[in-house]
Each structure stands twice: as structure tokens, then as C-alpha cells.
Amino acid sequence: MAKSTLSFVCQNCGAAYNRWQGKCDACGAWNTLAEEDTTGATSMPVSIRSKRKSRVFALESLAGKSVDAPRLPTGMAELDRVTGGGFVRGSVLLVGGDPGIGKSTLLTQATSVLARAGHRAVYISGEEAIAQVRLRAERLGLASAPVQLAAETSVEDIIATLSEGTVPRLVVIDSIQTMWTDTVESAPGTVTQVRASAQALIRFAKKSGAAVILVGHVTKDGQIAGPRVVEHMVDAVLSFEGEGSQQFRILRSVKNRFGPTDEIGVFEMTGLGLREVSNPSELFLSERDLGSPGTAVFAGIEGTRPVLVELQALVAPTSLGTPRRAVVGWDSSRLSMVLAVLEAHCGVKLSGHDVYFNVAGGLRIQEPAADLAAAAALVSSLVNAPLPPDAVFFGEVSLSGAVRPVAQTAARLKEAAKLGFARAVLPETARGDAGGDAGLSLNAIGNLTALVADIAARGTPRKAAATGYDDDGNGGGKDTAMRKNTPSPRFRRQ
Ligand code: TYD
Ligand code: MG
């Protein structure tokens with residue numbers, strides 16, 4: 001038996017220390033160090049190591065014959081899109097997401113489909129009792145699928161069971177945080193345990209050729225709980241996202257050694273489980289509030305697929321010393337950047353206003369191409385001018401205020417035309433694929449100033465009393481909310 005080694009392990013990133021300290025030097029998190037027994041966690045016992053003879057192995061060239069990774073398509077198109085064409089045999093996939101988002105539901109559905117197709121599919125639940133899993137399967141109408149089910153948490157027992165009989169094609173471990181292995185002494189759920197259990201399961205997958213799916217919990221700040229190191233160890237990481245209050249769920253690939261990382265799969269949670277949504281644009285635009293100021297439709301691209309989504313902005317005078325900036329579904333630093341460009345180059349004074357920004361439908365946008373649509377929504381809300389309901393927007397805004405071209409113009413325009421939009425506001429120099437043949441009338445914009453002037457010309461500013469700035473009593477020309485609303489001294493932050 002190796003000597004027991006106690007050390008302090010960061011529960012966020014897995015870094016180990018000899019002494020306790022308040023802050024983890026590796027990831028900067030506070031109060032995440034917990035005492036763990038790391039015996040055997042990182043290496044095999046010395047007695048085995050010293051007896052092992054080194055083996056000489058052959059080195060290969062890059063230009064060898066390669067075979068495509070053998071795939072296991074589930075037939076659920078949205079899931080297969082995100083994995084890159086199905087689960088890869090002998091690979092390990094980590095699925096993360098908030099509690100209650102539908103991870104167990106999604107994987108129950110996937111295992112059932114594969115089991116019905118005649119593959120050996122095993123579902124190991126470490127969180128729920130067999131009765132609970134059965135109840136869910138019944139609700140999903142999948143109780144008759146020949147899935148092999150167990151409620152177990154010992155990794156050694158699980159691997160021994162799986163190694164018997166035919167090799168399983170798919171193994172779901174729900175969740176990795178509940179698993180424990182004899183080789184380390186720490187309690188289940190600790191970094192050391194999670195890492196060692198994941199390692200054992202990865203070894204099993206590589207050796208047997210089974211596709212193993214690990215379910216992982218997510219911490220408050222959205223990272224897969226426990227060690228980030230598990231993310232490095234597995235072949236692919238998918239994250240299952242969605243706003244709790246909405247029934248839409250988005251499966252996003254964060255890392256994928258065998259496929260694309262920018263694809264999304266869209267699902268809807270119904271009483272009968274997750275339903276695939278093959279045309280997300282229709283869904284994201286389905287509850288559009290036509291003709292209200294502060295909304296703009298962004299023609300975006302998610303992976304290979306164009307997705308139209310409504311951006312909503314609310315700009316209101318602030319009563320605070322430092323105005324509020326609240327963002328859902330978009331990067332807050334990106335919003336700050338667009339606000340700064342509007343303020344510095346377009347004469348739009350927003351430093352005395354609270355800004356609320358939301359992406360409809362629970363989608364998270366990562367493309368810089370959303371800048372132009374976001375700016376349009378913000379200005380539209382500020383000057384109280386609805387944007388044309390049949391227009392889509394896309395384009396990147398640079399710090400100088402120039403509107404920069406973005407990729408895949410043609411695909412964006414085509415999707416917009418398909419959904420009945422008549423015009424597009426886009427960058428002047430569309431890169432390569434201008435593609436005006438989609439039948440839309442194009443309004444090419446070189447600088448954000450032009451867009452702001454356009455929207456302001458449509459505007460009927462909110463009543464002077466509401467903004468509090470229109471003190472020259474001219475009754476509100478298009479410029480009042482825009483240029484003459486220099487904030488009074490109490491709004492200045494200096
Ligand atoms: P679950 O898959 O248990 O979530 P996770 O494993 O990510 O924690 O899903 C739980 C939620 O989904 C629960 O709040 C109920 C809801 N749900 C439905 O709305 N319809 C269904 O058919 C099922 C099975 C669950
Ligand atoms: Mg679950």
C-alpha cells in the first residue's frame with residue numbers, strides 16, 4: 001500500500017497544493033481548496049512502476065492511411081449534427097448542463113433509439129433509482145426499448161459488468177460526479193475521484209471500442225463542475241443550455257476531436273420529452289412583437305446553418321449614478337463596445353441611460369456579426385422608432401465605427417428570403433459572396449453613422465418629460481434624443 005498523501009486540491013481546476021490557502025494560484029478562484037487524499041490519483045503504485053520494463057514502439061509518419069472514425073448515428077438529426085454525424089466508437093463524450101435542463105431525458109431518448117436499432121446500449125444512473133429512470137422512460141413512451149439499465153456508482157463494478165458478454169455500443173454514465181473508484185481514497189464528487197473515475201472509463205472506452213457518454217454537472221458560473229481537467233481528457237464536450245423559463249434547449253459543441261465545434265442542435269422540451277426543432281429561425285421569430293421599437297432581427301450563422309433571431313433592447317433614463325447594463329444571450333463586453341462606438345462616433349449619448357439587452361428564445365450569440373443588429377435595436381429603442389418589420393441586419397462594427405463585412409452573406413440572405421423578409425441592412429463590402437440574388441432589397445452600410453441617421457429619421461422621440469433632456473422646448477425633432485441630450489452633471493461618472 002502506497003503511503004497516504006494528503007493534499008489540498010482546488011475543486012474548480014484540480015490544482016494541488018501542500019498547504020491550505022484562500023486563493024487558488026492556478027485558476028484564481030477563492031475558497032475552492034479542499035483537503036483530499038490523493039493516494040494513487042496521479043500515478044500507479046511505485047511497486048508496479050519499478051517492475052515495468054520500458055518497451056520500444058514504432059514511430060509513424062503523418063502521411064499514413066487513415067480511416068474515418070466509425071460512427072454510431074442516432075437518427076436524431078439535431079444530436080447527430082452537433083456530434084458531427086453520430087457518436088464515435090471508442091470515444092468519450094461529456095455532456096454538461098444545468099440541473100433539470102434535460103440531460104437525462106436527451107440521453108434516455110438517444111440510448112432507446114440505439115437499443116431499438118439492435119445495439120447493446122447501457123444506461124448507468126448514479127443519481128436516480130431504477131424506478132425513477134423507468135418512470136421517465138414510461139413518460140417518454142420508451143419503456144419497451146431494450147436498454148440495459150442499472151443504478152450503480154462503483155466504476156470497477158461497472159467496468160466489470162460492461163466487459164461481460166458482447167461489447168456495448170453505447171454506455172451512458174449519469175453522472176460522473178456520482179462515480180467513485182477504489183484506487184483513490186477521496187470522497188465521491190471530489191476532483192480526485194472524478195478525475196480517476198473519468199480516467200478509468202476513458203481507458204475502458206478506448207480498449208473496448210464502446211462509445212461512452214459522461215453526464216457532468218455545471219457550477220453556478222456555467223462551467224462543468226469539478227475538474228476542468230475532465231474536459232481535457234475527453235474527446236468531445238457538449239453543453240446543453242436553455243433559459244429555465246423557456247421550453248427551448250440548445251445543444252452546443254464546445255470541444256470535438258472528431259467534428260465541428262460551432263454547430264448547435266435545437267430542441268423543445270414537451271410533455272413527451274425533447275422534440276427536435278429542424279427550423280430554429282421560425283421558432284426564434286415565432287413570438288415576435290412586430291412594430292415595437294427596440295427590436296431588430298439578426299441574420300446569424302450557427303455552424304453551417306443560418307439562424308434568424310430577434311434582438312431586443314430597452315434604453316431608459318437611469319436613476320442611478322452608474323447606469324445599469326444587463327445582457328442576456330450576448331457578450332456584455334461586446335455590448336459595451338457597441339455602446340462606446342455609438343457614443344464616440346455617432347453622437348448617441350447613452351451614458352445617462354440604463355441599457356437592457358436580450359436575445360429572444362434563449363439563444364446565446366457569439367458572432368461579431370451581431371454588432372450591427374444590436375446597434376440598430378439600441379438606437380431604435382432610444383429614439384422610439386420601430387425598425388421596418390421586414391428587415392434583417394448583420395455586420396461587424398469596428399472601433400472606428402466602420403461596418404465590416406462578415407462571412408456567408410449569401411446563406412444569411414437566403415434564409416431571410418425564405419422566412420419572408422424583404423430587405424437586409426448589411427456591410428458595404430460583403431466578402432466574396434455578395435449574393436444579391438436572394439430577392440431582397442439590400443441596404444449596404446459603410447459606417448454606423450449612416451445607420452443611426454437612418455433610424456433617427458424614422459423616430460418620434462419619447463416625450464420630453466420621459467427622457468428629461470429635451471429642455472429646449474422644440475417639441476422633439478429627430479435630434480432631441482440623439483444629440484441634445486447631454487447628460488446633466490449628476491449623470492456624469494467622473
Ligand atoms: P432531466 O432530464 O431529469 O434533467 P437533468 O438530467 O438535466 O437534470 O429533465 C428534468 C426536467 O425536464 C424536469 O423538470 C421535467 C422536464 N421534463 C418534461 O418537461 N417532459 C418530459 O417528458 C420529461 C422526461 C421531463
Ligand atoms: Mg439527470
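In which loop is G259 found? In this predicted model, G259 sits in the loop between β12 (248-256) and β13 (264-270). With a relative accessible area of 29%, G259 is partly exposed, because the value falls between the 20% limit for buried and the 50% limit for exposed. G259 also has a partner that is remote in sequence: G85 is 174 residues away along the chain, yet the two C-alpha atoms are 8.0 Å apart in space.

The N-terminal strands can be taken next. Strand β1 covers residues 6-10, and four of its five residues are buried, which leaves the strand mostly covered. β1 pairs with strand β3 (residues 33-37) through five bridges, and the two strands run antiparallel. Within this pairing, S7 has E36 of β3 as its bridge partner. β1 also pairs with strand β2 (residues 16-17), again in the antiparallel sense, here over two bridges. F8 is the residue that stands opposite Y17 in β2. In a regular strand the side chains alternate between the two faces of the sheet.

β1 and β2 together make a hairpin, with five residues between the strands. The turn contains G14, whose phi is positive at about 90°. G14 reappears in the surroundings of R195, a residue of helix α6 (residues 191-208). When neighbours within four places in sequence are left aside, R195 is in contact with G14, V229 and M233. Is R195 buried or exposed? R195 counts as buried, because its relative accessibility is 18% and the limit for that class is under 20%.

Several backbone features lie in loops. Most residues other than glycine have a negative phi, and most peptide bonds are trans. N31 is not a glycine, yet its phi is positive, at about 55°. N31 belongs to the loop between β2 and β3, and it counts as exposed because its relative accessibility is 60%. N384 is another residue other than glycine with a positive phi, in this case near 60°. The loop that holds N384 runs between α10 and β19 (391-393). N384 is partly exposed, since its relative accessible area is 24%. As for the peptide bonds, the one that joins D174 and S175 is cis, with omega at about 10°. S175 lies in the loop between β9 (170-174) and α6, and α6 is the helix in which R195 has its place.

The last stop is a pair of helices. Helix α9 (residues 332-345) packs against helix α10 (residues 371-382) at an angle of about 60°, and their axes are 10 Å apart. Which residues make this contact? On the α9 side they are R334, L335, M337, V338, L339 and L342, and on the α10 side D371, A375, L378 and V379. By character, eight of the contact residues are nonpolar and two are charged, with no polar ones. The crossing of the two helices is right-handed. After α10 comes the loop towards β19, where N384 is placed.

Key: Residues are numbered from 1 along each chain as its sequence is written. Chains are lettered from A and ligands numbered from 1 in the order in which they are written. This is a predicted model: local features need pLDDT of at least 70, side-chain atom pairs count only at pLDDT 80 or more; totals for chains, interfaces and linings use all residues. Side-chain values use heavy atoms; hydrogens and water are left out. Axes are lines fitted to C-alpha atoms, for helices over the stretch in contact, and angles run from 0 to 180 degrees between N-to-C directions. A crossing is left-handed if the near helix is turned anticlockwise from the far one by less than a right angle, and right-handed if clockwise. Contact means heavy atoms within 4.5 Å. Ala, Val, Leu, Ile, Met, Phe, Trp, Tyr, Cys and Pro count as nonpolar, Asp, Glu, Lys and Arg as charged, and the others, Gly among them, as polar. Buried means under 20% relative accessible area, exposed over 50%, partly exposed in between (1.4 Å probe, protein chains only). Two strands pair if DSSP finds at least two bridges between them.
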